[in-house]
Amino acid sequence: MRTKSLKKNKINVITLGCSKNVYDSEVLMGQLRANGKEVEHEAPAEKEGNIIVINTCGFIDNAKAESVNMILEYADKKDRGIVDKVFVTGCLSERYRPDLEKEIPNVDQYFGTTELPQLLKALGADYKHELLGERLTTTPKNYAYLKIAEGCDRPCSFCAIPLMRGSHVSQPIEKLVKEAQGLAKNGVKELILIAQDLTYYGLDLYKKRNLAELLEELAKVEGIEWIRLHYAYPTGFPMDVLELMKREPKICNYIDIPLQHISDSILKSMRRGTTQAKTTQLLKDFRAAVPGIAIRTTLIVGYPGETQEDFEILKDFVQEMKFDRMGCFAYSHEENTHAYLLEDNVPDDVKQARANEIMELQSQISWDLNQEKVGKVFRCIIDRKEGAHFVGRTEFDSPDVDNEVLIDASKHYVKTGEFVNIKIIEATEFDLYGEPA
């Protein structure tokens with residue numbers, strides 16, 4: 001084993017999990033940079049640095065396994081003298097710190113989701129309050145995530161997020177506007193609003209659901225051209241947001257609204273506070289208020305007690321609603337959640353088969369919807385060049401999870417980070433091919 005390195009400390013931040021974790025890593029790196037630290041995000045092995053910070057996810061089994069494997073990999077690198085220090089933060093660390101400290105003691109320190117000042121101190125840096133909203137973005141320069149709230153007050157039976165992120169806390173409008181202005185100055189054109197629950201925004205601060213007012217203020221920020229909404233809970237959705245979406249061109253006609261299931265008995269057991277009839281009406285109201293809105297959702301199959309009949313109800317609903325975008329996940333039995341008291345009685349192979357069946361249905365729906373786009377022109381933002389294509393998105397697509405628009409780079413040149421009108425010439429289930437119009 002080599003002795004402690006004499007080189008200048010370089011910190012490599014590794015992010016696992018969702019966009020909310022990406023945001024947290026960006027804030028951490030902004031603080032480190034302001035403290036004069038050399039910091040990289042997910043640097044390749046040859047440029048890795050000697051201090052590692054792993055920002056973990058603890059949401060479901062697969063994510064936990066990925067986080068644990070990453071910690072083990074770097075604990076081993078520390079053993080072998082390849083890196084000097086390993087710190088772990090984020091949701092897994094918040095939820096399982098005592099177990100992790102016992103099972104992987106070679107990590108220098110574990111931190112929870114609210115311990116940024118303590119983590120910075122361990123890295124030889126001070127928490128700078130004046131950096132409000134400033135961060136080192138890791139996304140392409142044209143878009144950035146804007147986290148408008150932390151935590152969640154919903155009682156969903158299957159979800160461990162409140163255990164890891166605490167109660168819902170909204171960020172004040174003026175703070176978010178200031179952050180958006182800073183991002184716009186750095187060339188960001190698209191804001192992707194994220195929270196555990198956008199629907200709840202403002203209830204704690206302003207005693208009312210205040211998402212529409214926040215959107216009005218963000219739309220005034222010069223340089224911001226698209227504002228996209230992610231993770232809106234269906235119960236209590238503030239309908240004034242739809243009126244604003246219809247008249248304010250900066251707000252994308254797009255919403256991510258995780259529904260999880262539709263069978264009334266499963267919704268009740270999941271403690272979702274809604275019914276099939278109410279949910280169906282809500283989606284109809286969305287489409288009536290904003291014609292052409294793209295609706296993304298996520299579903300869970302294999303929840304305790306889900307019968308074949310429940311699953312058939314869900315399949316019929318997917319077929320009827322024709323969601324523009326959808327993800328489907330097999331249920332993960334999470335300790336300390338309300339559903340953990342129930343018997344996890346749907347076999348894993350059945351869960352997976354059901355998830356595959358739903359995604360097969362969605363694949364056909366997506367194919368049909370995409371064929372309708374052929375021959376039409378869409379305003380697209382160009383995110384990057386990858387291989388032989390420039391890769392862009394329409395306003396109906398969010399990065400990493402939705403369709404991409406591919407433009408043949410051997411025939412056409414478009415500028416990354418800019419908006420371009422693209423004519424769609426071909427479409428598959430999950431991608432569109434186009435050329436400048």
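Helix 12 and helix 13 are roughly parallel to each other, a label given to angles under 35 degrees, whereas those over 145 count as roughly antiparallel, 65 to 115 as roughly perpendicular and the rest as oblique. Their axes come within 10 Å and cross at roughly 15°, where axes are lines fitted to C-alpha atoms, for helices over the stretch in contact, and angles run from 0 to 180 degrees between N-to-C directions. Helices here are DSSP runs of H or I with at least four residues, and strands are runs of E with at least two, numbered from the N terminus. Helix 12 passes helix 13 in a right-handed crossing, the near helix being turned clockwise from the far one by less than a right angle, with anticlockwise giving a left-handed one. On the side of helix 12 the contact (heavy atoms within 4.5 Å) is made by Gln308, Phe311, Leu314, Lys315, Val318 and Gln319, and on the side of helix 13 by Arg354, Glu357, Ile358, Leu361, Gln362 and Ile365.

This is a predicted model, in which local features need pLDDT of at least 70 and side-chain atom pairs count only at pLDDT 80 or more, while totals for chains, interfaces and linings use all residues. Residues are numbered from 1 along each chain as its sequence is written, and side-chain values use heavy atoms, with hydrogens and water left out.

Helix 12 (residues 308-321) also meets helix 11 (residues 276-289), their axes coming within 12 Å and crossing at roughly 10°. Helix 11 and helix 12 are therefore roughly parallel to each other as well, and their crossing is right-handed. Helix 11 contributes Gln276, Thr279, Thr280, Leu283 and Arg287 to this contact, and helix 12 contributes Ile313, Phe317, Glu320 and Met321.

From these helices one can pass to the sheet beside them. Helix 13 (residues 348-371) lies across strand 12 (294-301) and strand 13, running at about 170° to strand 13. Strand 13 belongs to an open sheet of 6 strands in the order 6-9-10-11-12-13, with parallel pairing, where two strands pair if DSSP finds at least two bridges between them. Strand 6 (143-147) and strand 13 (325-330) stand at the edges with a single partner strand each, so one side of each is left without a neighbour in the sheet. From one strand to the next the twist averages 20°. Within this sheet, strand 9 (residues 190-194) and strand 10 (residues 226-229) run parallel and are joined by 4 bridges, and isoleucine 192 stands opposite arginine 228 in strand 10.

Another open sheet has 5 strands in the order 2-1-3-4-5, again with parallel pairing, and its edge strands are strand 2 (38-41) and strand 5 (109-110), each pairing on one side only. Strand 4 (residues 85-90) runs parallel to strand 5 and is joined to it by 2 bridges, with valine 88 standing opposite tyrosine 110 in strand 5. Helix 1 lies across strand 1 (10-15), strand 2 and strand 3 (51-56), at about 170° to strand 1. Helix 2 (residues 61-79) packs on the sheet and touches strand 1, strand 3, strand 4 and strand 5, its direction making about 170° with that of strand 3.

The structure holds 34 salt bridges, each a side-chain nitrogen of Lys or Arg within 4 Å of a carboxyl oxygen of Asp or Glu. In one of them, the side chains of aspartate 24 and arginine 165 meet at 2.8 Å, N to O. Aspartate 24 lies in helix 1 (residues 19-34) and arginine 165 in helix 5 (residues 161-165), so the pair ties together parts that are 141 residues apart in sequence.
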